[in-house]
Amino acid sequence: MPQVFIGIALGACVAIGSYFARFLNLKGSVATFFLASLIFAAGVWQWTLPILVFFVSSSLLSKAGKGRKRQFYSVFEKSDVRDHGQVLANGGIGGLLAVAQMTFPAADFH
């Protein structure tokens, strides 16, 4: 049970920090909270570290050259701030695998 509380705390930290860093909009932060809490609570650090590194690095890269990219915002719907759809598209499989690992602990999913 302590792992679940640690997972919720870490998920909250990532979601709140990402919202205030303007990596995510509000719906994206809520989706990140649930997804990150699930993955962290599953105790699967082998998945937590890669998805966290991917999220942080891709978020920083999306902020790079922001002024130059601004001209494309009128053409494309997406900006450098991610929404819940992007969060689920990038982390949904990891969340499903975390649930599978919790449900079938004898299986080797990584």
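What share of the 110 residues of the protein count as buried? In this predicted model, the share that count as buried is 34%. The secondary structure amounts to five helices and zero strands, and from the N terminus on the elements follow the order α-α-α-α-α. Sequence separation is a helpful next point for anyone following the chain on screen. Among contacts between residues at least 6 apart in sequence, 69% join residues at least 24 apart.

Helix α2 is a good place to begin a closer look. This helix covers residues 26–41, and its 16 residues should span 22 Å at 1.5 Å a residue; the end C-alpha atoms are 22 Å apart, so the expected and computed spans agree. The N-terminal end of α2 is capped by asparagine 25, which places a side-chain oxygen 3.2 Å from the backbone nitrogen of lysine 27. Buried positions in α2 include Gly28, Ser29, Ala31 and Thr32, and further along Leu35, Ala36, Ser37, Ile39, Phe40 and Ala41. The partners against which the buried residues of α2 pack are α1 (2–20), α3 (45–63) and α5 (84–103).

Phenylalanine 40 gives a residue-level view of this packing. This residue is found in helix α2 and is buried, with a relative accessible area of 5%. With neighbours within four places in sequence left aside, the contacts of phenylalanine 40 are Gln3, Gly7, Leu10, Gly11, Val14 and Thr48. For one of these, leucine 10, the C-alpha atom is separated from that of phenylalanine 40 by 7.2 Å, although the two residues are 30 residues apart along the chain.

Aromatic side chains come next. A pair of aromatic rings is described by the distance of the centres and the angle of the planes. The structure holds three aromatic pairs. In one of them, phenylalanine 23 and phenylalanine 55 have ring centres 6.3 Å apart and planes at 85 degrees, so the pair is edge-to-face. Phenylalanine 23 sits in the loop between α1 and α2, while phenylalanine 55 belongs to helix α3, so this pair ties together parts that are 32 residues apart in sequence. Both phenylalanine 23 and phenylalanine 55 are buried. Another pair joins phenylalanine 33 and phenylalanine 34, whose ring centres are 5.2 Å apart and whose planes stand at 65 degrees, so this pair is also edge-to-face. Here the surroundings can be read from the accessibility values: phenylalanine 33 counts as partly exposed at 23% relative accessibility, and phenylalanine 34 is exposed, with a relative accessible area of 55%.

The loop between α1 and α2 also contains arginine 22. Most residues other than glycine have a negative phi. Arginine 22, however, has a positive phi of about 65 degrees although it is not a glycine. Arginine 22 counts as exposed, because its relative accessibility is 59% and the cut-off for exposed is over 50%.

Serine 59 offers a link back to the aromatic residues. Serine 59 lies in helix α3 and is buried, with a relative accessible area of 0%. Not counting residues up to four places away in sequence, serine 59 touches Phe23 and Arg82. With arginine 82 there is also a polar contact of 3.0 Å between the side chains.

Aspartate 83 is found in the loop between α4 (66–69) and α5. At 17% relative accessibility, aspartate 83 counts as buried, because the cut-off for buried is under 20%. The side chain of aspartate 83 reaches two backbone nitrogens: that of glycine 85 at 3.2 Å, and that of glutamine 86, which lies 3.0 Å from a polar side-chain atom of the aspartate.

Finally, the interior was examined for enclosed space. Rolling a probe the size of a water molecule over the atoms shows where empty space is left. The count comes to one cavity of 30 Å³ or more, and the largest cavity has a volume of about 220 Å³. Its lining is made up of 16 residues, of which Thr32, Leu35, Ile51, Phe55 and Val87 lie nearest the centre. Helices α2, α3 and α5 each supply at least two residues of this lining. Several names return here from earlier paragraphs: Thr32 and Leu35 are among the buried residues of α2, and phenylalanine 55 is the buried residue that pairs edge-to-face with phenylalanine 23.

Key. Residues are numbered from 1 along each chain as its sequence is written. This is a predicted model: local features need pLDDT of at least 70, side-chain atom pairs count only at pLDDT 80 or more; totals for chains, interfaces and linings use all residues. Side-chain values use heavy atoms; hydrogens and water are left out. Helices (H or I, at least four residues) and strands (E, at least two) are DSSP runs, numbered from the N terminus. The expected span of a helix is 1.5 Å times one less than its number of residues. Buried means under 20% relative accessible area, exposed over 50%, partly exposed in between (1.4 Å probe, protein chains only). Contact means heavy atoms within 4.5 Å. A polar contact is a pair of N or O atoms within 3.5 Å; within protein, one must be able to donate a hydrogen and the other to accept it, and residues adjacent in sequence count only if both atoms are side-chain atoms. Rings of Phe, Tyr and Trp (its six-membered ring) pair if their centres lie within 6.5 Å; planes under 30 degrees apart count as stacked, over 60 as edge-to-face and the rest as tilted. On a 1 Å grid over the protein atoms alone, a cavity is a set of points where a 1.4 Å probe fits but cannot get out, and a pocket is an open set with protein on both sides within 12 Å along at least five of seven lines; lining residues have an atom within 4 Å of a point. Grid points are joined across faces, edges and corners, and a volume is the space filled by probe spheres set on the points.
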